[in-house]
Amino acid sequence: MARTGTTAVLALLPDAEPLLRLAAEVDRAVVRPGVPAHAALLYPWLPADEVRESELHRLRVSLPVGPVPVRLAAVERTGGFVGVPVPELGRAADAVRTAFPAQVPYGGRFGPRPPVHVTVALDAAPQAAADIARRTAAALPIITEVNTLHVVGLTHTGWQGLAELSLGR
């Protein structure tokens, strides 16, 4: 579980919100409350008290220029995890991770280059995960684009936006 002061660099994907609603219909506990549909490019990023304009500038200049078209089309299921890969954001994730090499994605739990994905469900029971995966697959494909990345930080009251980074520079 994340600690207060943890930050992340995210691509919010509002068009994928229906997937989270489908999962919550099966089991509310598998969807994190207050966390919108997103793909993490780097989590954790820096401690919140280290996020300054110089770090945001380094982040901005690392990003690709222009909107990133996204096609959510497949479902992955491993145990109680259900997710949707977002390979189109791989280049942006690589750029962010290269700009901040000391920040290891997910603390290294999934290797140095974990694939970018939307988490639909976490810690679901086997039958619930199967049902969520089936419902998710039926709702795909979703075609959208990412124009902005978001830096968020965990506070005592939940995740809060710290910065928005336009890809349209």
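Here are some short exercises, with worked solutions, on the predicted model shown above.

**Exercise 1. Strands S1 and S2**

Find out in which sense strands S1 and S2 pair, and over how many bridges.

*Solution.*
- Step 1: Locate the two strands in the model. S1 covers residues 7-12, and S2 covers residues 38-42.
- Step 2: Look at the pairing. S1 and S2 run in the antiparallel sense, with 4 bridges between them.
- Step 3: Pick out a facing pair. His 38 in S2 has Leu 12 opposite.
- Step 4: Check how covered S2 is. Of the 5 residues in S2, 5 are buried, so the strand is mostly covered, given that buried means under 20% relative accessible area.

**Exercise 2. The largest pocket**

Describe the largest pocket: what is its volume, and which residues are closest to its centre?

*Solution.*
- Step 1: Start with the volume, which is about 1200 Å³.
- Step 2: Turn to the lining. It is made of 36 residues, and those closest to the centre are His 38, Tyr 43, Tyr 106, Thr 119 and Leu 122.
- Step 3: See which elements contribute. Two or more lining residues come from each of S1, S2, S6 (117-121), S8 (148-155) and S9 (158-166).
- Step 4: Sort the lining by character. You should get 25 nonpolar, 7 polar and 4 charged residues.

**Exercise 3. Two nonpolar cores**

Work out which residues touch the most other members of the largest nonpolar core.

*Solution.*
- Step 1: The largest core holds 49 residues.
- Step 2: Val 9, Trp 45, Leu 72, Val 86, Leu 89, Val 146 and Leu 149 are the ones that touch the most other members.
- Step 3: Take Leu 72 as an example. Leaving aside residues up to four places away in sequence, Leu 72 touches Ala 16, Val 84, Pro 85, Val 86, Val 118, Leu 140, Pro 141 and Ile 142.
- Step 4: Now look for another core. There is a second, separate one of 5 residues, including Leu 10, Ala 40, Tyr 106 and Val 152.

**Exercise 4. Two residues with positive phi**

Tyr 106 and Asp 123 both deserve a close look: is each one buried or exposed?

*Solution.*
- Step 1: Place Tyr 106. This residue sits in the loop between helix H3 (90-99) and S6, and its phi is near 55°, a positive value in a residue other than glycine.
- Step 2: Judge its exposure. The relative accessible area of Tyr 106 is 16%, which is under 20%, so Tyr 106 is buried.
- Step 3: Place Asp 123. You will find this residue in the loop between S6 and H4; its phi is positive too, at about 60°, although Asp 123 is not a glycine.
- Step 4: Judge again. Asp 123 has 65% relative accessibility, which is over 50%, so Asp 123 counts as exposed.

**Exercise 5. Cis peptide bonds**

Determine where Pro 44 and Pro 141 lie, and give omega for the cis bond that leads to each.

*Solution.*
- Step 1: Pro 44 belongs to the loop between S2 and helix H2 (53-62). The bond from Tyr 43 to Pro 44 is cis, with omega near -10°.
- Step 2: Pro 141 belongs to the loop between helix H4 (126-138) and strand S7 (142-146). The bond from Leu 140 to Pro 141 is cis, with omega near 5°.

**Exercise 6. A glycine before S1**

Decide how exposed Gly 5 is, and list what it touches.

*Solution.*
- Step 1: Gly 5 is in the segment before S1.
- Step 2: Its relative accessible area is 22%, between the 20% and 50% cut-offs, so Gly 5 is partly exposed.
- Step 3: Not counting residues up to four places away in sequence, Gly 5 touches Leu 46, Pro 47, Ala 48 and Leu 154.

Notes:
Residues numbered from 1 in each chain as written. Predicted model: local features only at pLDDT ≥ 70, side-chain atom pairs only at ≥ 80, totals over all residues. Heavy atoms only, no water. Buried < 20%, exposed > 50% of the residue type's maximum accessible area, 1.4 Å probe, protein only. Pairing = 2+ DSSP bridges. 1 Å grid on protein atoms, 1.4 Å probe; cavity = no way out; pocket = protein on both sides within 12 Å on 5 of 7 lines; lining within 4 Å. Points joined across faces, edges and corners; volume = space filled by probe spheres on them. Nonpolar A, V, L, I, M, F, W, Y, C, P; charged D, E, K, R; others polar. Core = buried A, V, L, I, M, F, W, Y, C linked by side-chain atoms within 4.5 Å. Contact = heavy atoms within 4.5 Å.
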